[in-house]
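Q: I'm new to this one, and I'd like to go through it slowly. Could you show it to me before we talk?

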Amino acid sequence: MTDVFSFVRGTMPVLVTLPHSGCHLAPGMERRMTERGRQLPDTDWYMEHLYAGALARGMGVLKANHSRYVVDLNRGADDAALYPGRPSTGLVPSLTFDGQPIYHEGQAPDESEIAERREAYWRPYHEAVAEELERLRQKWGWAVLWDGHSIKSTIPRLFEGTLPDLNLGTNSGQSCDGELQTLLGRQLAGNVAYSHVVNGRFKGGYTTRHYGQPERGIHAIQLEIAQSTYLRSEEAPWPIDLEKAVRLSRMIDGLLETALCWRPEAGCSGK
């Protein structure tokens, strides 16, 4: 069985998590899936490439290896809705973001299988995140969790219109120190190549909301990237545009540098 996650431990107080970039499936799952489901259209494509600069800066990177269709690691174990009033994509999804069935009729997981997946995939991933954040907090006195995501820029079922290029979420300012949010927001505003919003449609999922506890010295941030910023096409087979990806990676590197440079007791100016 494929490992639940891959983890490279860092030497600095920033942990990057990539919960939706995996493509592996649970045993026996593929034969139950529709053709569209097997394409894994809601994957956060190429995130390990976009975030390669994190490792170079001594940051830890924890990447999920399985598809979000196995279990969505950015949802709570109780599957509570993150955005009340909007369609919920679910802890164990049965529909794609655009509303197409992931499984053949009658083949979607029942409650027993959902519980098994939660134990086999969700729990070990989050135990690793919690353990590493506590290690960093004990060593440095603080830690930053950077949750990296990407999504198709237009999904009418989930949001109106077209997403901004870069969507920074801090649970409306509750998951990280206000100064850190201000520095990152200022840096986004200073780069005219990309549109952006802070705490717009995406305020952060379970990871940001659960682990972000500034009063304990743990600061959590989610960055949701519109895939139009680095793909040639947002449809299968989702080809990457290398020139655009390099440019975007530089922007991400700059944001990570700001998170690394900042200190709770005395921030530093973002570049």
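**Salt bridges, strands and loops**

A: To start with the charged contacts, the count of salt bridges comes to 14 in this structure, which is a predicted model.

Q: Which residue forms a salt bridge with Arg57?
A: Glu257 does, and the closest N and O atoms of the two are 2.8 Å apart. Because Glu257 lies in helix α7 while Arg57 lies in the loop between α3 (52-56) and β3, the pair ties together parts that are 200 residues apart in sequence.

Q: And is Glu257 buried or exposed?
A: Neither word quite fits, since Glu257 counts as partly exposed at 37% relative accessibility. Its partner Arg57 also counts as partly exposed, at 24%.

Q: Which side chain meets Glu113 in a salt bridge?
A: That is Arg117, with a distance of 2.9 Å from N to O. Both residues lie in helix α4, four residues apart, which is about one turn of the helix. Glu113 and Arg117 are both buried.

Q: What about Glu132, what does it pair with?
A: Glu132 forms a salt bridge with Arg135, and the closest N and O atoms are 2.8 Å apart. These two residues also lie in helix α4, three residues apart, again about one turn of the helix. Glu132 counts as buried at 2% relative accessibility, whereas Arg135 counts as partly exposed at 26%. Elsewhere, salt bridges that share partners join Asp44, Arg68, Asp72 and Arg75 into one network.

Q: Changing topic to the strands: how many residues of β4 are buried?
A: Nine of the nine residues of β4, which covers residues 143-151, are buried, so this strand is largely enclosed by the rest of the structure. Both of its faces are covered, with Ala143, Leu145, Asp147, His149 and Ile151 buried on one side, and Val144, Trp146, Gly148 and Ser150 buried on the other.

Q: Which strands are joined to β4 by bridges?
A: Strand β2 (residues 14-18) runs parallel to β4 and is joined to it by four bridges, and within this pairing Leu15 has Leu145 as its bridge partner in β4. Strand β7 (residues 218-226) also runs parallel to β4, and nine bridges join these two. In that second pairing, Ala143 stands opposite Ile218 of β7.

Q: Now the backbone: where is the cis peptide bond?
A: The cis peptide bond joins Ala236 and Pro237, and its omega is about 10°. Pro237 has its place in the loop between β7 and α7 (242-261).

Q: What is phi of Leu40 near?
A: Phi of Leu40 is near 55°, which is a positive value in a residue other than glycine. Leu40 lies in the loop between α1 (35-38) and α2 (47-50), and this residue is buried, with a relative accessible area of 6%.

Q: And what is phi of Ser172 near?
A: Phi of Ser172 is near 55° as well, again a positive value in a residue other than glycine. Ser172 is found in the loop between β5 (166-169) and α5 (178-189), where this residue is partly exposed, with a relative accessible area of 43%.

Q: Last thing, the surface: which residues form the negative patch?
A: The negative surface patch is formed by Asp78, Asp79, Asp110, Glu111 and Glu116. One of them, Asp79, is found in the loop between β3 (60-64) and α4 (111-140), and Asp79 counts as partly exposed at 35% relative accessibility.

Terms used. Residues numbered from 1 in each chain as written. Predicted model: local features only at pLDDT ≥ 70, side-chain atom pairs only at ≥ 80, totals over all residues. Heavy atoms only, no water. Patch = residues over 30% accessible without salt bridge, like charges linked within 9 Å, V, L, I, M, F, W, Y side chains within 5 Å. Areas by Shrake-Rupley, 256 points an atom, 1.4 Å probe, with all protein chains shown as cover. Salt bridge = Lys/Arg side-chain N within 4 Å of Asp/Glu carboxyl O. Lys, Arg positive; Asp, Glu negative; His and termini not counted. Charge placed at Lys NZ, Arg CZ, Asp CG, Glu CD. Buried < 20%, exposed > 50% of the residue type's maximum accessible area, 1.4 Å probe, protein only. Pairing = 2+ DSSP bridges.
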